Amino acid sequence: MSDFHSEELLREVAALPALPGVYRYFDAQDQLLYVGKAINLKKRVSSYFQKNHGGTRTGHMVSKIVRMETTVVRSEAEALLLENNLIKTLNPKYNILFRDDKSYPYLKMTGVPVAPKRAAVVDVLADGAVPAPAPPVAANFARVSYYRGGVEKKHRYFGPYPSAWAVKEAILLMQKVFRLRTCEDPVFSNRTRPCLLYQIKRCSAPCVGHISASDYAMDVANAEKFLRGDAQEVMRHLESRMMAHADKLEFEQAAELRNQVAALSNVLHQQAMDNVEDRDVDILAVKVQGGKACVNLAMVRGGRHLGDRAYFPVHVEDAAGLADEADIETTVGTETNTSSDPQIDGTARADSVEVQVLEAFLSQHYIDVPMPPTLVVSEPVHKGLIKALSEQVGFKVTAVHQPREQRRAWLDMAQTNAALQLARLLAEEGSQQARTRALAEALDVAMDNLDALRIECFDISHTAGEATQASCVVFHHHKMQNAEYRRFNIEGITPGDDYAAMRQVLTRRYSKIAEALKEAKYAGQAPTGTARMPDLVLVDGGKGQVSMAREVFEQLGLDLALIVGVEKGEGRKVGLEELVFADGRDKVYLGADSAALMLVAQIRDEAHRFAITGMRAQRAKVRVGGGKLEEIPGVGPKRRAKLLQRFGGVRGVALASAVDIATVDGISKELAEEIYRALH
């Protein structure tokens with residue numbers, strides 16, 4: 001492989017130290033190709049350049065390397081953590097990458113724990129009357145709520161939970177069993193009588209004094225114990241309190257506790273807490289098929305199975321052939337820490353794609369997410385990885401492979417869900433690829449690689465000419481690419497002129513690309529990625545909009561065959577759309593059941609949605625904030641409101657003369673002239 005690389009790079013490789021570290025490979029365009037870790041940088045990096053990898057993915061990647069960066073660290077654990085931080089941050093092409101998902105939700109309990117207190121001695125006024133009790137203070141009565149975000153020390157958080165649904169189920173449980181409040185503090189402080197939740201026995205109504213602070217604090221303490229997995233202790237405590245009240249003939253209080261015990265018993269039966277020894281466990285199962293992978297993460301918190309969540313990494317196929325050789329010991333990872341599985345040692349283990357995917361998930365996922373002390377995994381993982389994770393979280397983490405009893409049942413369930421989720425993904429992607437292929441065939445688009453088919457679609461939106469915006473949405477790799485969407489504010493046209501708006505947006509979008517294409521052609525060079533035209537340009541409209549697009553493309557010297565208009569059918573009914581071409585081809589009706597038309601409709605509707613939301617946001621800004629009016633010195637909120645009320649909006653003010661503006665109460669002749677100049 002050394003024939004492909006410069007002498008400078010090879011000298012740099014030869015000079016590497018035999019120390020642990022992280023290496024990064026870059027191509028000729030300075031794009032990051034791969035991030036890897038090694039116990040021995042010299043040995044590991046040299047293996048890429050000394051071996052003949054042939055036509056493998058490794059060989060393809062190595063042939064692109066023109067530059068390298070390395071970072072020496074103190075230990076294998078540091079190398080592992082640095083490697084995965086770089087992978088998540090830099091998104092290299094040949095690494096398995098789990099993209100950041102939205103943060104996990106928590107159950108939040110406000111305030112610090114309040115210890116139960118004895119009843120205070122009641123003061124008596126001079127005339128013998130008992131003073132009215134002080135109204136309840138919200139801070140003394142903890143509230144349970146759904147929460148997502150950074151945690152604060154002054155509150156308590158339970159979780160994380162795999163989904164919002166799981167948190168809401170836990171909150172409902174807190175209401176049913178412990179009758180804790182969920183209302184916000186302003187609502188609590190302004191209640192004069194109990195709400196409906198008290199009537200249906202979902203709240204003890206602390207807001208109006210139906211429960212003392214000490215009794216409520218006891219319910220909160222029991223709820224916390226339950227969430228931590230001490231359900232049986234809570235049950236025994238409630239039962240002892242119930243019997244104590246019964247012995248004192250306090251039957252109403254005993255009945256309340258009896259109902260609470262019954263509710264808790266019912267919950268325990270429904271939750272099937274079969275293994276109280278496992279308080280906090282994550283169960284991870286991986287499934288790989290068809291170049292795709294799924295990691296299913298199931299969560300057990302407080303001994304209760306809370307549900308699961310599926311993760312789908314990218315670059316699985318590219319990374320499959322680039323696994324580091326097994327130069328560290330492997331963990332045995334069974335219940336008895338022994339195993340006869342031949343796949344656990346040597347390169348056979350390292351070559352397993354499932355192991356690569358699972359280890360990538362463990363390394364990247366727990367960088368920002370709280371980690372439980374026990375992991376149940378479907379594949380054996382390296383000792384070094386578990387050791388690094390333990391150092392990162394500050395306590396010993398155990399990874400269990402080939403579990404037994406309840407853990408086996410949990411893992412079987414996670415593996416089933418991983419297979420189902422991956423099958424669903426493959427079915428969806430197969431359907432998406434079929435629609436892309438159908439559209440390419442219907443429009444005679446010659447594509448060697450359908451994954452590379454890029455479609456840009458434009459739409460215009462406004463309200464009676466106000467706040468005109470154009471949208472550009474992008475379809476690529478068989479799906480909509482939200483990160484590449486663009487909006488264009490349309491200015492300097494007659495309000496309501498959609499053709500002029502289309503002319504402006506197409507000119508602004510493609511004029512620079514056209515110039516770059518011409519320069520590349522004159523220089524005899526291939527156009528770069530930034531100068532690449534899409535394979536199709538869809539415009540939402542019929543002959544009129546297509547004619548306008550044709551004029552723009554003719555002026556820019558672009559291919560007219562790229563333009564396709566989506567013309568609404570008779571009665572503007574969905575499924576009757578026809579495609580109109582700028583290069584003179586006849587109209588095409590694809591048929592209501594056509595997969596190609598389904599894709600066209602999806603892209604067109606997405607462009608319309610994106611334009612509508614942008615237009616509404618712009619219109620709201622204009623109507624509420626006054627647009628340019630708020631930037632004019634001397635025009636405050638009151639004068640702006642009077643102007644908008646008199647002329648019906650910013651557009652009306654802009655059409656008015658300085659003399660008309662001066663007729664508005666509070667607007668002088670000088671200020672009217674200033675407003676007129678600012679708007680023109």
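The legends below describe close-up views of a predicted model.

**General notes.** Residues are numbered from 1 along each chain as its sequence is written. Local features need pLDDT of at least 70 and side-chain atom pairs count only at pLDDT 80 or more, while totals for chains, interfaces and linings use all residues; side-chain values use heavy atoms, with hydrogens and water left out.

**Figure 1. Overview of the protein chain.** The protein chain holds 22 helices and 18 strands; both are DSSP runs numbered from the N terminus, helices being H or I with at least four residues and strands E with at least two. Of its 680 residues, 45% are buried (buried: under 20% relative accessible area; exposed: over 50%; partly exposed: in between; 1.4 Å probe, protein chains only). Among contacts with a separation of 6 or more, 64% are between residues 24 or more positions apart (contact: heavy atoms within 4.5 Å).

**Figure 2. Packing of helix α4 (residues 76-90) with helix α14 (residues 383-393).** Two packed helices are described by the angle between their axes and the distance between the axes. Here the axes come within 9 Å and cross at roughly 80° (axes: lines fitted to C-alpha atoms, for helices over the stretch in contact; angles: from 0 to 180 degrees between N-to-C directions). The helices α4 and α14 are therefore roughly perpendicular (roughly parallel: under 35 degrees; roughly antiparallel: over 145; roughly perpendicular: 65 to 115; oblique: the rest). On the α4 side the contact is made by Glu76, Ala77, Leu80 and Leu81, and on the α14 side by Gly384, Leu385, Ala388, Glu391 and Gln392. By class, these residues are five nonpolar, two polar and two charged (nonpolar: Ala, Val, Leu, Ile, Met, Phe, Trp, Tyr, Cys and Pro; charged: Asp, Glu, Lys and Arg; polar: the others, Gly among them).

**Figure 3. Packing of helix α4 with helix α13 (residues 353-365).** The axes of α4 and α13 are 9 Å apart, at an angle of about 85°. This makes α4 roughly perpendicular to α13. Leu80, Asn84, Ile87 and Lys88 of α4 meet Ala360, Ser363 and Gln364 of α13. The contact of α4 with α13 consists of three nonpolar, three polar and one charged residues.

**Figure 4. Aromatic pairs, with Tyr23 and Tyr48 as one of them.** The whole structure contains 14 aromatic pairs (rings of Phe, Tyr and Trp, the last by its six-membered ring, with centres within 6.5 Å; planes under 30 degrees apart are stacked, over 60 edge-to-face and the rest tilted). The ring centres of Tyr23 and Tyr48 are 5.9 Å apart and the planes are at 65°, so this pair is edge-to-face. Tyr23 belongs to strand β1 (residues 21-26) and Tyr48 to helix α2 (residues 41-50), 25 residues apart. Tyr23 is buried at 0% relative accessibility, as is Tyr48 at 3%. Tyr23 and Tyr48 form one aromatic cluster together with Tyr25, Tyr34 and Phe49.

**Figure 5. The pair of Tyr147 and Tyr157.** The two ring centres lie 5.3 Å apart with the planes at 50°, so the pair is tilted. Tyr147 is in strand β5 (residues 144-147) and Tyr157 in strand β6 (residues 156-158), 10 residues apart. Relative accessibility is 17% for Tyr147, which counts as buried, and 18% for Tyr157, also buried.

**Figure 6. Charges over aromatic rings at Phe26 and Tyr146.** Arg67 sits over the face of Phe26, 4.0 Å from the ring centre (criterion: NZ of Lys or CZ of Arg within 6 Å of the ring centre and within 35 degrees of the ring normal). Lys168 is placed over the face of Tyr146, at 5.9 Å from the ring centre.

**Figure 7. Surroundings of Asp219 in helix α8 (residues 213-227).** Asp219 has 9% relative accessibility and counts as buried. Beyond its neighbours within four places in sequence, Asp219 contacts Phe178, Leu180, Ile211, Arg241 and Gln260.

**Figure 8. Surroundings of Gln421 in helix α15 (residues 405-442).** Gln421 is partly exposed, at 27% relative accessibility. Gln421 and Asn296 are 125 residues apart in sequence, with 8.3 Å between their C-alpha atoms. Residues up to four places away in sequence not counted, Gln421 touches Cys294, Ala310 and Phe312.

**Figure 9. Surroundings of Met548 in helix α17 (residues 543-556).** Met548 is buried, with a relative accessible area of 12%. Its neighbours within four places in sequence left aside, Met548 is in contact with Tyr499, Met502 and Arg503. From Met548 to Ala501 the C-alpha to C-alpha distance is 9.8 Å, across 47 residues in sequence.
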